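Reader: I should like a close look at a single part of this model, set within the chain as a whole. Please treat the chosen part in one connected account.

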Amino acid sequence: MATKVEREQDYLKGFGTDLSPTWRALAEADSHTVEPSLCKENSPFLGDEPIPAQRYTSHDYHRREVEKVWKKTWQVACREEEIPDVGDHLVYRIAGLSFVVVRTAPEEIKAFRNVCLHRGRELVDCSGKGAESFRCPYHAWTWSIDGSLKGFPGKWDFPTVQDGSHDLREARVGRWNGFVFINPDRDAGSLADHLGGIDMHFADWPLDRRFTLWHVRKTIRSNWKVAMEAFLEAYHLAMTHPQALPSVSEHGTQYDVWQEGDAAYSRSITPTAVPSHHARNGSTKEALEVQWALLNGLRMDELPPLPENITDRASLAEWRREKLAEMTGADYSALSDAMVLDSIQYWLFPNFCPWLGEGLPLTYTFRPDQDSADTCYMDAWMLVRLPDGAPTPAAPAIIELGPDDPFEPHIGAMGEIFDQDDFNMPMVQQGMKQWPEDVPGVTLGRYQESRIRFFHQVLEERLA
Ligand code: FES
Ligand SMILES: [Fe+2]
């Protein structure tokens, strides 16, 4: 059996051919200077031990995640434009915990444990606009939106209620790039430390200058890690999304991971507008046609002819720059082909996946919706750049989907893709629950699934 050192020596980082190159090879041939953040590389060999299946199914493991991760870690609760005005609030639920997130002043957002401190009813049932106070529906104890106890009936009977003693209990709040983070742990380190170097990667890509075109929240009958891991690798494309192969070279994806102090984040960059090695009769022409149609929001069965001036990846990128400039009034002329075409997805511990570039401007989060290892929420936002100088519109209502509701037709072309992903997730959960005792765990590809291994290594550290 090969030793770890021998395995490291032949550690490969993706697979490419002349027709279906790796992203790294495409970056070297980019018609523009590729952004320094995209050029950063860090893909060490992380090992190849199996991952125990019980991490996905055990209630004890789930409870450890609740105590050591969800109660202690910075996590995205919403976008700022979901609560644009003072008094706007929403309920953020995770793993049986509930927080009310409220805009208390034009530039101030607070979050509170969503518990009435009289006898424990959940205080706020659902999101709302312009509240001046929160009144418990049980006995009418009432708090101002800043969390201070405003009043309650029968004061003569509650001598132990003193000034400040029954104010709502705050979680910490931080804001980054239009996202509102909360941390239930008031002694936790700063959000800046939690973000670490990922902030630099987004320094020239302000997600707060984007608006929510749609936001979908789907309940999935699987562990949150099963759902999230389906988005941390491109290896599944060939089987799960075969329609993508003519224009996506999934095996050429670049994967990187970074751990710096409190911060743990990773990234994948998947080349588009080139055919996969797994595409049947793949060609550059077809790759351009398909990608051009996708970028125009067209369906594959209504492909009009490709404009004559689009003959390669560089000319498709140029067309894309002009189109984006036309839509937003912004200047895209310096962006690399990669930034306007490819799928560039980041992940920040524990569950936040913001995308960079104009290839696919999505963001995801995944979290247990209940106090259970077997079910989760997936949230996805489509974030579109605002025309320069335009104010951010309020977010549209969340499209809430139950476990049996398909994504299609709610979110355009992404619906089919997400439905294909979602088709596997409950079945993975079922498989994990009957994992054979004599197989030590799930097997991960060394490189293509390295972001999943990295995530587990960080998670295990936090649970220790
Ligand atoms: S439980 Fe809320 S007022 Fe009594
Ligand atoms: Fe997928």
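The request and the reply below concern the metal site, and then a strand and its neighbours.

Reader: Which protein atoms are the donors of the iron ion (ligand 2), and where in the chain do His236 and Asp421 lie? Please add how strand E13 is covered and which residue of E13 is the bridge partner of Ser268.

Author: The model is a predicted one, and the account begins at the metal. The iron ion (ligand 2) has as its protein donors NE2 of His236, NE2 of His241 and two OD atoms of Asp421, at 2.0 to 2.7 Å. The angles subtended by these four donor atoms run from 53 to 150°, and the arrangement is therefore irregular; to count as tetrahedral, four donors would need all angles between 85 and 135 degrees. Along the chain the donors follow the spacing H-x4-H-x179-D. His236 belongs to the loop between helix H8 (224–229) and helix H9 (237–240), whereas Asp421 sits in helix H13 (residues 414–432), so the pair ties together parts that are 185 residues apart in sequence. His236 and Asp421 are both buried.

The account now turns to the strand. Strand E13 covers residues 343–348, and six of its six residues are buried. In a regular strand, side chains alternate between the two faces of the sheet. In E13, one side carries Ser343, Gln345 and Trp347 and the other Ile344, Tyr346 and Leu348; these residues are all buried, and both faces are thus covered.

E13 has pairing partners in E12 and E14. Strand E12 (residues 263–270) runs antiparallel to E13 and is joined to it by six bridges. With strand E14 (residues 352–356), E13 pairs in the antiparallel sense over three bridges, and a hairpin of three residues connects E13 to E14. Gln345 of E13 takes part in both pairings: Gln345 is the bridge partner of Ser268, and Gln345 also stands opposite Trp355 in E14.

These parts belong to a chain with 14 helices and 17 strands. For 464 residues, a compact globule would have a radius of gyration near 23 Å, and the 24 Å of this chain agrees with that. The C-alpha trace spans about 80 × 60 × 40 Å along its principal axes. Of the 464 residues, 54% count as buried. Among contacts between residues at least 6 apart in sequence, 68% join residues at least 24 apart. The chain exposes about 20400 Å², of which carbon and sulfur atoms supply 52%.

Conventions:
Residues are numbered from 1 along each chain as its sequence is written. Chains are lettered from A and ligands numbered from 1 in the order in which they are written. This is a predicted model: local features need pLDDT of at least 70, side-chain atom pairs count only at pLDDT 80 or more; totals for chains, interfaces and linings use all residues. Side-chain values use heavy atoms; hydrogens and water are left out. Donors are N, O and S atoms within 2.8 Å of the metal (3.2 Å for Na, K and Ca); water is not among the atoms, so sites may look incomplete. Four donors count as tetrahedral if all angles lie between 85 and 135 degrees; four count as square planar and six as octahedral if opposite donors are over 155 degrees apart and all others between 65 and 115; anything else is irregular. Helices (H or I, at least four residues) and strands (E, at least two) are DSSP runs, numbered from the N terminus. Buried means under 20% relative accessible area, exposed over 50%, partly exposed in between (1.4 Å probe, protein chains only). Two strands pair if DSSP finds at least two bridges between them. The radius of gyration is taken over C-alpha atoms; the globule rule is 2.2 Å times the number of residues to the power 0.38. Contact means heavy atoms within 4.5 Å. Accessible areas come from the Shrake-Rupley method with a 1.4 Å probe; for residues, only the protein chains shown count as cover.
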